[in-house]
Amino acid sequence: MNVIGYIRVSTLVQAREGLSLDAQRQRIADHVKCLGHALIGIEADEGVSAKTVSGRPGFLRALAALETGRAEALVVCKLDRATRSLADLSMLIERYFQKYSLISLQEQINTTSAAGRLILNILVTVSQWEREMAGERTREVFESLRARGIPAGPTPLGYTRSTGALAPSATEKATIARMVELRESGTSLRDIATMLQLDGYKPKRGDKWSHSSIRKVLGRQCGY
């Protein structure tokens, strides 16, 4: 059987280090060899989430290999490399994994059977429930801290945190001022991101500006 592998890491740091990707790649290659299948390739997505299918070109290429008949099965090291969304899982099972196989090494899932598809649905449902419960607990902690006057959550652009209290950052305030200036002159969010990058303005997290992060900052500052 011809199979296509898929590997993913969710952060750019992991992608740059390559360790997680290399480990996934080797595990898939070893497993496929043991089963006697033919591995036609391994598609990868670096620094992206599995919350949705769109926006992951590597995953879309892997699915295309199934649709075009180049592969009969998709192999992942762990189910959450393929999807973390129950809605996406339902779509994938209906569109792909009743005709083709999804093989997840860690969970020992093979969707060629009805039992395999049932187990897959149960595992993703439990995984989604765990994420939602974790989100609820995090919100409760933040609300409790805010009620006591303690700043909670990520430190916003324009501030630093010292012993729990927020303090203005002159450098980051200048970054915000530049954003506002560009936006008021009619510059698009994507162009603002490019110009900030070229001018050496540093984002709060990561190493690149995005239009979505700029929209959030401007929304807090100016209601854009």
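This passage walks through a predicted model of a single chain, from its overall make-up to its cores, its largest pocket and a few individual residues.

The chain has 224 residues, and 34% of them are buried. Its secondary structure comprises 9 helices and 7 strands. Among contacts with a separation of 6 or more, 59% join residues that are 24 or more positions apart. The mean pLDDT is 83, with 88% of the residues at 70 or more. Confidence is not even along the chain: it is highest in β3, at 96, and lowest in helix α1 (residues 12–17), where the mean is 54. Where pLDDT is low, the predicted coordinates should not be read in detail.

A good place to begin is helix α3, which spans residues 57–67. Its buried residues are Gly58, Phe59, Ala62, Leu63, Ala65 and Leu66. Viewed down the axis of α3, these buried residues fall within an arc of 150 degrees, so they line one face of the helix. They pack against several other elements, namely the strands β1 (2–9), β2 (38–46) and β3 (73–76) and the helices α4 (79–82) and α5 (86–95). After α3 comes glycine 69, which has a positive phi, near 85 degrees.

Helix α5, one of these packing partners, has its own buried residues: Asp88, Leu89, Leu92 and Ile93. These cover an arc of only 135 degrees around the axis, which means that they sit on the same side of α5. On the face turned away from that buried side, α5 carries the exposed residues Ala87, Glu94 and Arg95.

In soluble globular proteins, nonpolar side chains tend to be buried together. Here, the largest nonpolar core holds 23 residues, of which Phe59, Leu63, Leu66, Leu74 and Phe97 touch the most other members. Two or more residues of this core come from each of β1, α3, β3, α4, α5 and α6 (114–147). The most generous contributor is α3, with 5 residues. Leucine 66 illustrates how such a residue is surrounded: beyond residues up to four places away in sequence, leucine 66 touches Ile4, Ala71, Glu72, Ala73, Leu74, Phe97 and Tyr100. Another core, of 13 residues, lies apart from the largest one and includes Leu157, Ile176, Ile192 and Ile214.

Leu157 also appears in the surroundings of threonine 175. Threonine 175 belongs to helix α7 (residues 170–184). Because its relative accessibility is 3%, below the 20% cut-off, threonine 175 counts as buried. Setting aside neighbours within four places in sequence, threonine 175 is in contact with Leu157, Tyr201 and Trp209. Glycine 200 offers a contrasting case, since its relative accessible area of 41% lies between the 20% and 50% cut-offs and makes it partly exposed. Glycine 200 is found in the loop between α8 (189–198) and α9. Although 25 residues separate glycine 200 and threonine 175 along the chain, their C-alpha atoms are 9.8 Å apart.

The last feature is the largest pocket, with a volume of about 590 Å³. It is lined by 18 residues, and those closest to its centre are Arg205, Ser210, Ser212, Ser213 and Lys216. Helix α9 (residues 211–222) gives the most to this lining, with 5 residues.

Notes
Residues numbered from 1 in each chain as written. Predicted model: local features only at pLDDT ≥ 70, side-chain atom pairs only at ≥ 80, totals over all residues. Heavy atoms only, no water. Buried < 20%, exposed > 50% of the residue type's maximum accessible area, 1.4 Å probe, protein only. Helix = DSSP H or I, 4+ residues; strand = E, 2+ residues; numbered from the N terminus. Arc of directions from axis to C-beta. Contact = heavy atoms within 4.5 Å. pLDDT = per-residue confidence, 0-100. Core = buried A, V, L, I, M, F, W, Y, C linked by side-chain atoms within 4.5 Å. 1 Å grid on protein atoms, 1.4 Å probe; cavity = no way out; pocket = protein on both sides within 12 Å on 5 of 7 lines; lining within 4 Å. Points joined across faces, edges and corners; volume = space filled by probe spheres on them.
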